[in-house]
Amino acid sequence: MTEDEHFMREALKEARVAFDNNEVPVGAVIEYKGEVYATGRNRRIEKNSAISHAEIEAIQVAGAKLGDWRLEGMTLYVTSEPCIMCAGAIIHSRIKRVVYGCKEPKMGAVESIFRIFDINELHHKPEYVSGVSENECSGILTEFFQKVRKSK
């Protein structure tokens, strides 16, 4: 198992917690110096907040723990491609690298719809890798939305 797969497995644990709480199952982990530094999961329903995405939650935890909004040298692992809001937060927080599992064809801002991290004029451009543990990451989303459709 690669380091990316290891940390994505941790992000998938967060996605499962979101799933169990009837939230869209997206999980995030921020790695720093080889350790899980912060975690986050979708909590929009729980917090009644449109901005409570997994990435935002993890970024807030990491910043509070570090005592700084600059998360330089950190890697964000997230089970689904970040949206435009989360991509903006990633850029502003100076995260070095983003690793995500599956593409998000309706809201993806890294490769699917927008390519935010590829804009040359940005003051910070994180590295990114997609497709890590893609089947597991897309599978939990498929399972969740099948469950939602069945309940209606």
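This is a short talk about the fold of one protein chain and a few of its residues.

Okay, hi everyone. Before anything else, please keep in mind that we're looking at a predicted model.

Let's start with the overall layout. The chain has 5 helices and 5 strands. If you walk along the sequence, they come in the order α-β-β-α-α-β-α-β-β-α. Along the principal axes, the C-alpha trace spans about 45 × 35 × 30 Å. So does that fit what you'd expect for this many residues? Well, a compact globule of 152 residues would have a radius of gyration near 15 Å, and this chain has 14 Å, so the two agree.

How about the inside and the outside? Of the 152 residues, 45% count as buried. The accessible surface is about 8,000 Å², and carbon and sulfur atoms own 50% of that. As for charges, there are 21 positive and 23 negative ones, and their mean positions sit 4 Å apart.

Here's a number I like. Take the contacts with a separation of 6 or more: 57% of them are between residues 24 or more positions apart.

Now, the core. Which residues have the most contacts inside the largest nonpolar core? They're Ile30, Ile95 and Phe117, in a core of 38 residues. Plenty of elements chip in at least two residues each, including β1 (27-32), α3 (54-66), β3 (75-80) and α5 (134-151). The largest share, 6 residues, comes from α1.

Let's zoom in on isoleucine 30. Leaving out neighbours within four places in sequence, isoleucine 30 is in contact with a whole list of residues, among them Val36, Ala58, Leu71, Leu76 and Ile95. You may recognise Ile95 as another of the residues with the most contacts inside the core.

Next, alanine 54. This one is in helix α3. Buried or exposed? It's buried, because its relative accessibility is 0%, and buried means under 20%. Setting aside residues up to four places away, alanine 54 touches Val26, Gly27, Ala28, Gly40, Arg41 and Asn42. And how far apart are alanine 54 and threonine 79 in space? From C-alpha to C-alpha it's 9.2 Å, while in sequence they're 25 residues apart.

Over in strand β3 we find serine 80. Serine 80 is buried too, with a relative accessible area of 5%. Not counting neighbours within four places in sequence, the contacts of serine 80 include Val26, Glu55, Tyr100, Cys102 and Leu141. Notice that Val26 also turned up on the list for alanine 54.

Last stop: two residues with a backbone angle worth pointing out. Asparagine 22 isn't a glycine, yet its phi is positive, about 60°. Where is asparagine 22 found? In the loop between α1 and β1. Its relative accessible area is 46%, so asparagine 22 counts as partly exposed, the class between under 20% and over 50%.

The other residue is arginine 94, with a phi near 70°, again positive and again in a residue other than glycine. Arginine 94 lies in the loop between α4 and β4. At 22% relative accessibility, arginine 94 is partly exposed as well.

To recap: there's a nonpolar core of 38 residues, there are buried residues such as alanine 54 and serine 80, and there are two loop residues with positive phi, asparagine 22 and arginine 94. That's it from me, thanks!

Notes
Residues are numbered from 1 along each chain as its sequence is written. This is a predicted model: local features need pLDDT of at least 70, side-chain atom pairs count only at pLDDT 80 or more; totals for chains, interfaces and linings use all residues. Side-chain values use heavy atoms; hydrogens and water are left out. Helices (H or I, at least four residues) and strands (E, at least two) are DSSP runs, numbered from the N terminus. The radius of gyration is taken over C-alpha atoms; the globule rule is 2.2 Å times the number of residues to the power 0.38. Buried means under 20% relative accessible area, exposed over 50%, partly exposed in between (1.4 Å probe, protein chains only). Contact means heavy atoms within 4.5 Å. Accessible areas come from the Shrake-Rupley method with a 1.4 Å probe; for residues, only the protein chains shown count as cover. Lys and Arg count as positive and Asp and Glu as negative; His and the chain ends are not counted. The place of a charge is taken as NZ of Lys, CZ of Arg, CG of Asp or CD of Glu. A nonpolar core is a set of buried Ala, Val, Leu, Ile, Met, Phe, Trp, Tyr and Cys residues joined through side-chain atoms within 4.5 Å.
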